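This report is written for a reader who is meeting the structure for the first time. Please look over the sequence and the model before reading on.

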Amino acid sequence: DFHLVGIYSTGNDFGDNHVFLPIEAFRATFRPGDKLSKIFVTVDSVVHVEQVVKELEGIEEADVVTTPEAVSTARTTLAGLSLATALGAGLLFGVAATLIVFVMVLAVRERHAEIGTLKALGASDREIVAQFVAESVALCALGGLGALLLLAPLAWVLTRALALPLALDAWTAASILIAATLFAALGCLYPVRQALRLSPIESLRKA
């Protein structure tokens, strides 16, 4: 058993994920052997950093990393992760947009008879386009809202499982809803315009 002396805080997640033990207690508990994998050295003055680094580099098998070098490496790693995340999000966005457009095109093409009937009853092209666009936007907006409602508990589960703070901000939620409605409108416009070029009889025949 260990006696807790105190809890420190650096203000960031990376700095607060360490536990400090006396080296004798660590060796007695975990038995790592005589070698040490890492030592943190604090220099009394900035002007002495280069001298201390040179002295440490003279030790055999010692790999010396200064704080600026560690920060630079961390920034490079985080930049790579950020880029990979952005590319993955862009790929998922493209796939989702393609699926929405494809589904809307198929759905509208199956309703040629309805479009022909509306034209035979005297509905104008503008009215028909407005009706189909409104239906598509409403369906995809409801689908996007349902996805957001599913993401909320999923984010909570991942936060508990991975011990990482995950949150869906208002801007991301609004972007999902806007993108879903936009691609739904674009996906139904083309097949509706194609169907409006047909006469009511031709539309009924193609149904």
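## Overall form

What percentage of the 207 residues of the chain count as buried? In this model, which is predicted, 16% of the residues of the chain count as buried. The secondary structure of the chain comes to 7 helices and 0 strands, and from the N terminus on its elements therefore read α-α-α-α-α-α-α. The radius of gyration of the chain is 31 Å, well over the 17 Å that the globule rule gives for 207 residues, so the chain is more spread out than a compact globule.

Along the principal axes, the C-alpha trace of the chain spans about 90 × 40 × 30 Å. Among the contacts in the chain with a separation of 6 or more, 62% are accounted for by residues 24 or more positions apart.

## The largest nonpolar core

In soluble globular proteins, nonpolar side chains tend to be buried together. The largest nonpolar core of this model has 13 residues, of which V108, I115, I128, F132, V192 and L196 touch the most other members. Helices α3, α5 (125-162) and α6 (170-196) each supply at least two residues of this core, and the largest share, 6 residues, comes from α6.

I115 offers a view of these contacts from one residue: leaving aside its neighbours within four places in sequence, I115 is in contact with V108, I128, F132, A195 and L196.

## A buried serine

S136 lies in helix α5. Why does S136 count as buried? Its relative accessible area is 3%, and because buried means under 20% relative accessible area, S136 falls in that class. Not counting residues up to four places away in sequence, S136 touches M104, A184 and C188.

## The largest pocket

The largest pocket has a volume of about 1500 Å³. Of the 37 residues that line this pocket, the closest to its centre are K38, I39, F40, V41 and V65. By residue type, the lining divides into 22 nonpolar, 9 polar and 6 charged residues.

Which helix provides the largest share of the lining of the largest pocket? That share, 10 residues, comes from α3, while α2 (49-57) and α3 (67-109) each supply at least two residues of the lining. Helix α3 is thus found in both descriptions, as it supplies at least two residues of the largest nonpolar core and also the largest share of the lining of the largest pocket.

Key
Residues are numbered from 1 along each chain as its sequence is written. This is a predicted model: local features need pLDDT of at least 70, side-chain atom pairs count only at pLDDT 80 or more; totals for chains, interfaces and linings use all residues. Side-chain values use heavy atoms; hydrogens and water are left out. On a 1 Å grid over the protein atoms alone, a cavity is a set of points where a 1.4 Å probe fits but cannot get out, and a pocket is an open set with protein on both sides within 12 Å along at least five of seven lines; lining residues have an atom within 4 Å of a point. Grid points are joined across faces, edges and corners, and a volume is the space filled by probe spheres set on the points. Helices (H or I, at least four residues) and strands (E, at least two) are DSSP runs, numbered from the N terminus. Ala, Val, Leu, Ile, Met, Phe, Trp, Tyr, Cys and Pro count as nonpolar, Asp, Glu, Lys and Arg as charged, and the others, Gly among them, as polar. A nonpolar core is a set of buried Ala, Val, Leu, Ile, Met, Phe, Trp, Tyr and Cys residues joined through side-chain atoms within 4.5 Å. Buried means under 20% relative accessible area, exposed over 50%, partly exposed in between (1.4 Å probe, protein chains only). Contact means heavy atoms within 4.5 Å. The radius of gyration is taken over C-alpha atoms; the globule rule is 2.2 Å times the number of residues to the power 0.38.
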